[in-house]
There are 2 protein chains.
Amino acid sequence: MKIELKHGAGGVATSELISDLFSKYFSNPILNKMEDGAVLPALQGNIVFTSDSFVVEPLFFPGGDIGRLAVCGTVNDLAAMGAKPFYLTASFILETGLDSSDLEKIIQSMTSTAIEAGVKIVAGDTKVVPGKGGLFINTAGIGERNEKINISAHNLQFGDKIILTGTMGDHHAVIMTSRLGIETKAVSDCAPLAKIVDRLLAEKIQVHTLRDITRGGLATVANELAAASNVRINLQEEQIPVSEPVKGLAGILGLDIFTMGNEGKFFVAVASQDAERALAIIRKEKYGENAAVVGEIVEGKGVYVQNNLGSSRKLNSLQGEGLPRIC
Amino acid sequence: MKIELKHGAGGVATSELISDLFSKYFSNPILNKMEDGAVLPALQGNIVFTSDSFVVEPLFFPGGDIGRLAVCGTVNDLAAMGAKPFYLTASFILETGLDSSDLEKIIQSMTSTAIEAGVKIVAGDTKVVPGKGGLFINTAGIGERNEKINISAHNLQFGDKIILTGTMGDHHAVIMTSRLGIETKAVSDCAPLAKIVDRLLAEKIQVHTLRDITRGGLATVANELAAASNVRINLQEEQIPVSEPVKGLAGILGLDIFTMGNEGKFFVAVASQDAERALAIIRKEKYGENAAVVGEIVEGKGVYVQNNLGSSRKLNSLQGEGLPRIC
C-alpha cells in the first residue's frame with residue numbers, strides 16, 4: 001500500500017493507519033488510551049524536556065534507519081543532560097507515495113530501539129504531504145534528573161579530562177557513501193547512550209559536561225562548550241578514535257574527521273582524578289568500547305588541536321553546508 | 001535572506017539563525033541555557049505530554065498562520081486533557097528558499113500566541129531540506145493536571161450535555177477559500193482554549209470529556225468519543241453554531257459542516273445539571289461567545305443528528321481525503 005493524502009485527513013483512513021501500524025507496535029497502557037495527550041505519573045526531581053526532527057536521507061542505511069535515529073537522537077539529548085529518559089512522542093510527516101511496508105520497518109525499528117533504550121512512546125501524530133515517498137519524524141522526550149545533578153554546557157572546569165565515547169565520523173561516512181553509491185565497511189554509530197550515563201552517575205563519577213556529538217561534529221560541539229563555559233579545550237589529535245573504514249574514506253575523499261557528524265557518541269568531561277575510572281566504566285559498555293581520553297580543559301578561549309609533533313592549531317566550528325540531511 | 005542548506009548543518013550558519021531569530025523572540029531563562037535539553041522545575045500532579053506537527057498551506061491565512069496554529073494546537077491538546085499548559089518545544093523543518101522575513105513573522109506570531117496562552121518555548125531544533133520555500137513545525141507540550149481530574153475520551157456518561165465552544169468550520173473554510181482564491185469574510189478560529197478549561201474547572205463544573213475538534217470535524221470527533229465511551233451521541237442540527245460566511249460557503253460549495261476542521265473549538269461534555277452554568281462560563285470567555293448546547297449522551301452506539309422536523313440520521317466519521325494540509 002502507498003500512503004495517500006487521505007491517510008492524513010484525520011478521518012477513517014488515518015484511524016486505520018494508526019491502528020494497523022502505530023498502535024500495533026508502540027502499544028503500551030498510556031498510548032493505548034488514545035487521548036489528546038498522554039497522562040504520565042508524577043516524576044521525582046527535575047524534568048528534562050527536548051525535541052528533534054529527523055530528515056535523514058536515505059531512510060535506511062548501514063547500521064540504522066530514520067526510526068532508530070529518531071529514538072536515539074532524543075534519548076541521547078536527555079542522557080546528555082544527565083537525565084534518565086522515560087517517555088517519547090513520535091510525530092510523522094509522511095509524503096504521498098511512501099510504501100507502507102517501509103513505514104512498518106521504520107516503526108519496528110523505533111519499537112526495538114525504544115525497548116533497548118528503556119523508553120515508552122506515549123503519544124504521536126500523523127500528517128501527510130504531497131511528495132516522493134519520503135518521511136520526516138519528530139520525537140520529543142521527557143526524562144527525569146536528580147535535582148543535585150548539575151551537568152551542563154556551562155560547567156567545564158579547569159583540569160577536566162575529555163573522553164570521547166567512541167570513534168568519530170562513522171554516521172557521516174555512511175550517509176555520504178550511501179548517497180554516492182560507494183562501497184564501504186563503515187557502519188553508522190546510531191545508538192542510545194543512556195546506559196553509559198547511568199553507569200557513570202551510579203559510580204559517582206564527577207561528570208561536569210556531556211554533549212551528543214551530532215551535526216557539526218566534534219569541532220562545533222567543542223567550540224560551543226568552550227564558549228559556554230568560558231574555557232579553552234585542548235585536544236590531542238592522535239588520541240581521537242577513528243575506525244579504519246572512516247580513516248580510509250577521509251583520506252580518499254578529503255573529509256575532516258573533526259566536523260563529521262555522529263549519532264551515538266558523547267563528549268564527556270570529568271574531574272581529572274575520575275578520568276581513568278570513567279574511561280574504564282565507559283569501555284565496558286556496549287557502545288563505549290572504543291572510548292578514549294582525548295584532551296583537557298585549560299584556561300583561555302577556543303579549541304586547539306595538538307598533533308604528535310607538538311604543534312598546535314586552532315579548531316573552528318563547521319563553516320558552510322556540511323552534509324545536508326545527515327540526521 | 002533565503003534559507004539555504006547551510007542553515008541546517010549544525011555549524012556557524014545554524015548558530016546564527018538560532019541567535020538572530022529563535023533565541024531573540026523565544027528568549028526565556030530555560031531556553032537561553034542552550035543545552036541539549038531544557039531542565040524544568042518539578043511539577044505537581046500528573047504530567048500531560050503531547051505533540052503535533054503542522055504542515056498547513058498556505059503559511060499565512062485570514063485569522064492566523066502556521067506559527068499561531070502550532071502553538072494553539074498543542075496548547076489545546078493539553079487543555080483538552082484538563083491540564084494547564086506550561087512548556088512547549090518548537091522544532092522547525094525549513095525548506096530551502098524560505099524567506100527569513102516570513103520565518104521571522106511566524107516566530108513573532110508563535111511568541112505572541114505563547115504569551116497569550118501562558119506557555120514558554122523551552123527547547124527546539126532546526127533542520128533544512130531542499131524545497132520550495134515552505135516549512136513544517138512540530139510542537140510538543142507539557143502540562144500539569146491535578147491528580148483528581150478524570151477528563152477522558154472514555155468518560156462520557158448518560159445524560160451528559162454536549163457544548164460546542166463556538167461555530168464550526170471556520171478554519172476549514174478559510175484554508176479552502178485561500179487556496180481557491182475565493183473572497184470571503186470567513187476568518188480562521190485558530191485560538192488557544194486553555195483559559196476556558198481553566199475557568200470551567202475553577203468553577204467546579206463536572207467536565208467529563210473535552211476534545212479539540214480539528215481534522216475530521218465534529219462528525220469524526222463525536223464518533224471517536226462515542227466509541228471510546230460506548231455510548232450514543234445525539235446532536236440537534238439546528239443548534240450547531242455556524243458563522244454566516246461559512247454557512248454561505250457551505251451552501252455554494254456543497255461542504256458538510258460536520259466534517260469541516262476547526263482549530264479553536266472544543267467538544268465539551270458536562271453533567272446535565274451543570275450544563276447551563278458551564279455554557280454561561282464559556283460564553284463569557286474571548287473564544288467562547290458563540291458556545292451552544294448541541295446535544296446529549298444516551299444509551300446506544302454511534303452518532304445521530306436530529307433536524308427540526310424531528311427526523312434523525314446517522315452521522316459517520318470523515319471518509320476519504322477531507323482537505324489536505326489543513327493544519
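The legends below describe close-up views of a predicted model with chains A and B.

**View 1. The contact between chain B and chain A draws on 70 residues from each of the two chains.**
Put together, chain B and chain A bury about 5,600 Å² between them, and 58% of this area lies on carbon and sulfur atoms. Within chain B, the residues that lose the most area to chain A are Asp36(B), Phe49(B) and Arg215(B), which together make up 16% of what that side buries. The size of an interface is often given in this way, as the accessible area lost when the parts come together. The count between chain B and chain A is 34 residue pairs in polar contact, with both residues at pLDDT 80 or more. Several elements of chain B each supply at least two residues of the side that touches chain A, including the strands β1 (38-40), β2 (46-54) and β9 (207-212) and the helix α6 (217-229). Sorted by class, that side of chain B has 31 nonpolar, 23 polar and 16 charged residues.

**View 2. A strand of chain A pairs with a strand of chain B.**
Strand β1 (residues 38-40) of chain A and β2(B) run antiparallel, and three bridges join them. In this pairing, Val39(A) stands opposite Val48(B), a residue of β2(B).

**View 3. Salt bridges between the chains include one that joins Asp36(A) to Arg211(B).**
How many salt bridges are counted between chain B and chain A? The count is four, while a search of the whole structure finds 35 over all chains. In the pair shown, the side chains of Asp36(A) and Arg211(B) meet with an N to O distance of 3.6 Å.

**View 4. Strand β9 of chain A is mostly covered, and it pairs with strand β11.**
Six of the six residues of β9(A), which spans residues 207-212, are buried. Strand β9(A) and strand β11 (residues 266-270) of chain A pair in the antiparallel sense over five bridges, and Val207(A) stands opposite Val270(A) of β11(A). In a regular strand the side chains alternate between the two faces of the sheet. Arg211(A) counts as buried because its relative accessibility is 10%, which is under the cut-off of 20%. This arginine forms a salt bridge with Glu224(A), and the closest N and O atoms are 3.4 Å apart. The pair links distant parts of the chain, since Arg211(A) is in strand β9 and Glu224(A) is in helix α6 (residues 217-229), 13 residues apart. Glu224(A), at 34% relative accessibility, counts as partly exposed.

**View 5. His208(B) sits in strand β9 of chain B.**
Is His208(B) buried or exposed? With a relative accessibility of 9%, His208(B) counts as buried. Its side chain is joined to that of Asp160(B) by a polar contact of 2.8 Å. Not counting residues up to four places away in sequence, His208(B) touches several residues, among them Asn150(B), Ile151(B), Ser152(B), Val270(B) and Ala271(B).

**View 6. Glu296(B) and Lys161(B) form a salt bridge in chain B.**
The closest N and O atoms of Glu296(B) and Lys161(B) are 3.3 Å apart. Glu296(B) lies in strand β12 (residues 292-298) and Lys161(B) in strand β8 (residues 161-164), so the pair ties together parts of chain B that are 135 residues apart in sequence. Glu296(B) is partly exposed, with a relative accessible area of 31%, and Lys161(B) is also partly exposed, with 23%. In another group, salt bridges that share partners join Asp36(A), Arg211(B) and Glu224(B) into one network.

**View 7. The backbone has a cis peptide bond between Glu57(A) and Pro58(A), and a positive phi at Lys204(A).**
Most residues other than glycine have a negative phi, and most peptide bonds are trans. The bond between Glu57(A) and Pro58(A) is cis, with omega about 5°, and Pro58(A) lies in the loop between β2 (46-54) and β3 (60-61) of chain A. In chain B, a cis peptide bond joins Glu57(B) and Pro58(B), with omega about 5°. Lys204(A), although it is not a glycine, has a positive phi of about 60°; this lysine is found in the loop between α5 (194-202) and β9 of chain A, and it is exposed, with a relative accessible area of 69%. Met34(B), which is not a glycine, has a positive phi of about 50° and is placed in the loop between α1 (12-26) and β1 of chain B.

Definitions and conventions: Residues numbered from 1 in each chain as written. Chains lettered and ligands numbered in written order. Heavy atoms only, no water. Buried < 20%, exposed > 50% of the residue type's maximum accessible area, 1.4 Å probe, protein only. Helix = DSSP H or I, 4+ residues; strand = E, 2+ residues; numbered from the N terminus. Pairing = 2+ DSSP bridges. Contact = heavy atoms within 4.5 Å. Buried area = accessible area lost by both parts, 1.4 Å probe. Polar contact = N/O pair within 3.5 Å; in protein donor to acceptor, adjacent residues only side chain to side chain. Nonpolar A, V, L, I, M, F, W, Y, C, P; charged D, E, K, R; others polar.
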